[in-house]
Amino acid sequence: MKTKKLLSTLLLAVCMQCVIFLLPQKAYAADITPVTPNETFYGTLETSDTQHYYSFKVDKTGYFNVEFSPVDFAADVKHGWTIELCYADTGNSFYEEDTITSSTTLPVFNFKQGTEIYIAVSAKNRWSDTYVPIGHMYAINVKTVEDESWEQEGNNTSKDATLINSDETWHGNLYCKEDIDYYEYTIKHNGYFNVNFSLKDITADVKHGWEIDLCYGDTAESFYSTEVKTNTMLPVFNFKKGTKLYIAISAENNDSSIYVPLWQEYILDIEASEDKSWEQESNNVSADATLISTGKQYSGNLYYKKDVDYYKYTVENNGYFNIKFSPEDITADVKYGWRIDLYNGDTGSVIYSANIKTNTTLPDFNLKKGMNLYIAISAEGNETDIYVPLWQKYSINIKATDAPDWEQETLINGDGAWSVRNKNSTSIALGEKYYGNMCTEDDNDLFKFSLNKTGYAIIKFDPDDVEDNLGSGYRVNILTKSGKIASENDVKSVTDIKTYLKKGTYYIEVTRNYNCPLLKKYIVSVTNRAEMPSKVSALKKKGTDLSWKKAKRADGYEIVYSKKSNLKKAQKVTTDTNSYRLYGLEQKKNILCKSAFI
C-alpha cells in the first residue's frame with residue numbers, strides 16, 4: 001500500500017530552516033475542516049491541484065462508513081475524485097479510493113473510540129484541468145454506527161486484542177496487508193468449543209485468503225494454524241475453564257496487497273458447549289489428568305505433535321475391566337496413529353503399551369479395587385506433524401465387570417518383601433476356579449489357600465492357550481506360610497501339580513518364564529480331598545486293617561505310612577478301594593499317616 005504524508009504538498013514549498021518549517025504546518029492545520037459524524041459536508045475543487053482535508057474522531061465503539069457523492073448526478077465530473085484516509089498522528093495513508101465519479105460508500109472502518117482520522121479529497125488526474133471536476137460540488141458524510149460486535153483497530157498485537165465471548169457473532173476485516181486482528185477469548189465452560197469463520201460475501205474475490213492462528217494466552221505462541229478462503233469450521237478445542245487464548249487473523253500472503261482480501265468483511269463465531277465427557281487441556285502430565293470412571297464415554301484429540309492426554313481412573317470393582325478406544329471417523333487418515341500407555345498410579349511404571357489406528361479393545365485388566373491407573377494417549381510418531389492424527393477425535397470407554405473369581409492385581413513384583421506380598425495375595429477357596437494373567441514382565445501373582453487336613457493338594461493350572469503360543473510358559477510354585485518354596489514347577493500346558501502338604505496356609509505363586517506373553521488368561525484351582533481313616537483296627541498278627549469313607553470323584557487312594565512321626569523313610573501303597581490291610585507293623589511303635597485320593 002502506498003504511504004504518504006498529508007502535509008506533503010505544503011512541505012514541498014518549504015525550503016527554509018527548521019524554525020520557519022513550523023509556520024506552514026500551523027497554517028495548514030487551520031485549513032483542516034473538522035467534521036461531525038453523521039452530518040453532511042460539502043466541498044468544491046477550485047483548481048486541479050486543490051486538496052481538501054477533513055478530520056474527525058471516532059465517537060462510538062463500532063464502525064464507520066465514509067459516503068461520497070457528486071451533488072449534481074448529471075454533471076460531467078471528468079476523471080472524478082480521489083479519497084485517501086490517513087492516521088492523524090502519523091499522516092500515513094491506510095486507504096485510497098480513486099476514480100470516484102458517482103455516489104460511493106467506502107468499506108467499513110472499525111477503529112477504537114477516540115481515534116482521530118484525516119480524509120483527503122483531491123482530483124484523480126491533477127496534471128490538466130481537462131480531467132478535473134473543477135467547480136463540481138461533492139458531499140461527504142462520515143456515518144458512525146455503535147456496534148460492539150466489531151473488532152476495534154488497532155488490535156495488531158495480543159496486548160491490544162479485542163475481547164470476545166462465546167455464542168456471540170464478531171466482525172472484522174483486514175485494512176492493510178500487514179494487518180493482524182487479535183481476539184482474546186477466556187473459556188467459560190469445562191467442555192469444548194468450535195471457532196466458525198465465515199464471509200459476509202461468499203462470492204467475493206478473497207485473493208489468497210486468510211490465515212487463522214490460535215495462540216496460548218500466556219505466551220501468544222501459536223498452537224494451531226490454518227488457511228481459509230471460504231466458510232470454515234475449525235476443529236474442536238477443549239481447554240480447561242478459565243484458560244485464556246488468542247485468535248489471530250491475518251493475510252495468508254502479505255507480500256503484496258494484490259494477494260490480500262482487503263476490506264472483505266468476515267464473521268467470527270465461537271460455539272462453546274459444557275461437556276464433562278471431554279478431556280480438558282492441558283492435561284499433558286499425570287498431575288493434570290482428566291478424571292474418568294466406568295460406564296461413560298470420554299472424548300479427546302491431539303492438538304499438536306507432542307500432546308499427551310492423561311486420564312486418571314480409580315478401579316471401582318473387584319473383578320476386571322476393559323478399555324475400548326475408538327476413532328470418531330474410521331475412514332480418516334490417522335497417519336501413524338495413537339500410542340496408549342497404562343501407568344501404575346503409585347509408582348509411575350508402565351503396565352501396558354500399544355499402537356492403535358482403529359477401533360480397539362485392550363486386554364482384560366484386573367487391578368485391585370481402589371488402585372489408581374493413568375491412561376496416557378499420545379502420537380505414535382511425534383517427530384513431525386505429518387505423522388500425527390492431529391485434531392482427530394477419539395473416544396475411550398471403560399467397562400468394568402464384578403468377578404470375585406479373578407485375582408486382584410497389586411503390581412507387586414516378586415522381589416518385594418514377603419510381608420508385603422502375602423498381605424496383597426488373592427484368597428481362593430478349595431474346589432473353585434480362579435482367573436489371572438501376567439500383567440507386566442515382572443508380574444508376580446500370589447493366591448492364598450488353606451488346608452484343614454494334612455494330605456495331597458492338587459493345583460490344577462490351565463494356561464488357556466495352546467503350548468506353541470506360550471513361549472517358555474509359566475513358573476508355578478507352591479509356597480509355605482513363610483514364603484519358602486514347597487514345590488517348583490514349569491508349566492506350558494494343562495497340568496495337575498500334586499503336592500503332599502500338612503494342614504495349614506499356603507500360596508500359589510505364578511510368574512513368567514522367558515518370552516511368556518503378557519495378558520494371556522490362565523485358570524488355577526486347588527482341591528484337597530485327603531481323609532483320615534475312619535476306622536483303624538487293633539494290631540493283629542495277620543495285619544492291621546484300615547478303612548475310610550469313600551471320597552467322591554476319587555480314582556484311587558494312596559496310603560503313606562512310617563514308623564517315625566516325622567514321616568521319614570515313609571512308604572506308600574495304593575488301592576482303588578476304601579480299605580486296606582498293612583502287615584509287619586509293630587504295636588505302639590508304628591505311626592500311620594492319613595490316606596488321600598489320587
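A salt bridge here is a side-chain nitrogen of Lys or Arg within 4 Å of a carboxyl oxygen of Asp or Glu. By that yardstick D179 is a bit of an oddity in this predicted model: the residue is buried yet has no salt bridge. The nearest side chain of opposite charge belongs to K112, and that is 11 Å away, whereas the cut-off is 4 Å. D179 sits in the loop between β11 (169-172) and β12 (180-186). What does the side chain of D179 reach at 3.2 Å? The partner is the backbone nitrogen of Y175. Setting aside residues up to four places away in sequence, D179 touches E153, N156, N173, L174, I249, S250 and A251.

One of those contacts, E153, has a quirk of its own, as a cis peptide bond joins E153 to G154, with omega at about -5°. G154 belongs to the loop between β9 and β10 (162-164). A cis bond also turns up from E281 to S282, where omega is near 0°; S282 is in the loop between β18 (266-274) and β19. As background, most peptide bonds are trans, and most residues other than glycine have a negative phi. On the phi side, D167 is not a glycine and still has a positive value of about 60°. D167 is found in the loop between β10 and β11 and counts as exposed because its relative accessible area is 52%, the cut-off being over 50%. K335 is another non-glycine residue with a positive phi, this time about 55°. K335 lies in the loop between β22 (319-327) and β23 (338-344) and, at 30% relative accessibility, counts as partly exposed.

Stepping back to the protein as a whole, there are three helices and 42 strands. Of the 598 residues, 48% are buried. The accessible surface comes to about 29,400 Å², and carbon and sulfur atoms account for 47% of that. Among contacts between residues at least 6 apart in sequence, 73% join residues at least 24 apart.

Now for the strands. Five of them make an open sheet with mixed pairing, in the order β1-β3-β8-β5-β6. Why is one side of β1 (33-34) and of β6 (93-100) left without a neighbour in the sheet? Both stand at the edges and each has a single partner strand, so there is nothing in the sheet on the other side. Further in, β3 (residues 52-57) and β8 (residues 116-123) run antiparallel and are joined by six bridges, with Y53 standing opposite A120 in β8. In general, strands of a sheet pair through backbone hydrogen bonds, either parallel or antiparallel.

Strand β21 (residues 309-314) shows both styles of pairing. With β19 (residues 290-292), β21 runs parallel, and three bridges join the two. With β26 (residues 372-379), β21 runs antiparallel, and there are six bridges. Y313 takes part in both pairings: Y313 is the bridge partner of I292, and Y313 also stands opposite L373 in β26.

Three more residues round out the local picture. H136 is in the loop between β8 and β9 (137-146) and, with a relative accessibility of 24%, counts as partly exposed. The side chain of H136 reaches the backbone oxygen of D76 at 3.2 Å. Next to D76 in the chain is A75; H136 and A75 are 61 residues apart in sequence, while their C-alpha atoms are 7.7 Å apart in space. Neighbours within four places aside, H136 is in contact with G43, T44, A75, D76, V77 and W81.

V491, in strand β33 (residues 485-491), is a different case: a relative accessibility of 1% is why V491 counts as buried. Its contacts, leaving out neighbours within four places in sequence, are F461, P463, G473, Y474, V476 and I497. Of these, V476 is 15 residues away along the chain, and 6.9 Å separates the C-alpha atoms of V491 and V476.

Finally, T505 is part of strand β35 (residues 504-512). Its side chain makes a polar contact of 3.5 Å with the side chain of S450. Besides S450, T505 touches K448, F449, T480 and K481, again not counting residues up to four places away in sequence.

Terms used
Residues are numbered from 1 along each chain as its sequence is written. This is a predicted model: local features need pLDDT of at least 70, side-chain atom pairs count only at pLDDT 80 or more; totals for chains, interfaces and linings use all residues. Side-chain values use heavy atoms; hydrogens and water are left out. Two strands pair if DSSP finds at least two bridges between them. Helices (H or I, at least four residues) and strands (E, at least two) are DSSP runs, numbered from the N terminus. Buried means under 20% relative accessible area, exposed over 50%, partly exposed in between (1.4 Å probe, protein chains only). Lys and Arg count as positive and Asp and Glu as negative; His and the chain ends are not counted. A polar contact is a pair of N or O atoms within 3.5 Å; within protein, one must be able to donate a hydrogen and the other to accept it, and residues adjacent in sequence count only if both atoms are side-chain atoms. Contact means heavy atoms within 4.5 Å. Accessible areas come from the Shrake-Rupley method with a 1.4 Å probe; for residues, only the protein chains shown count as cover.
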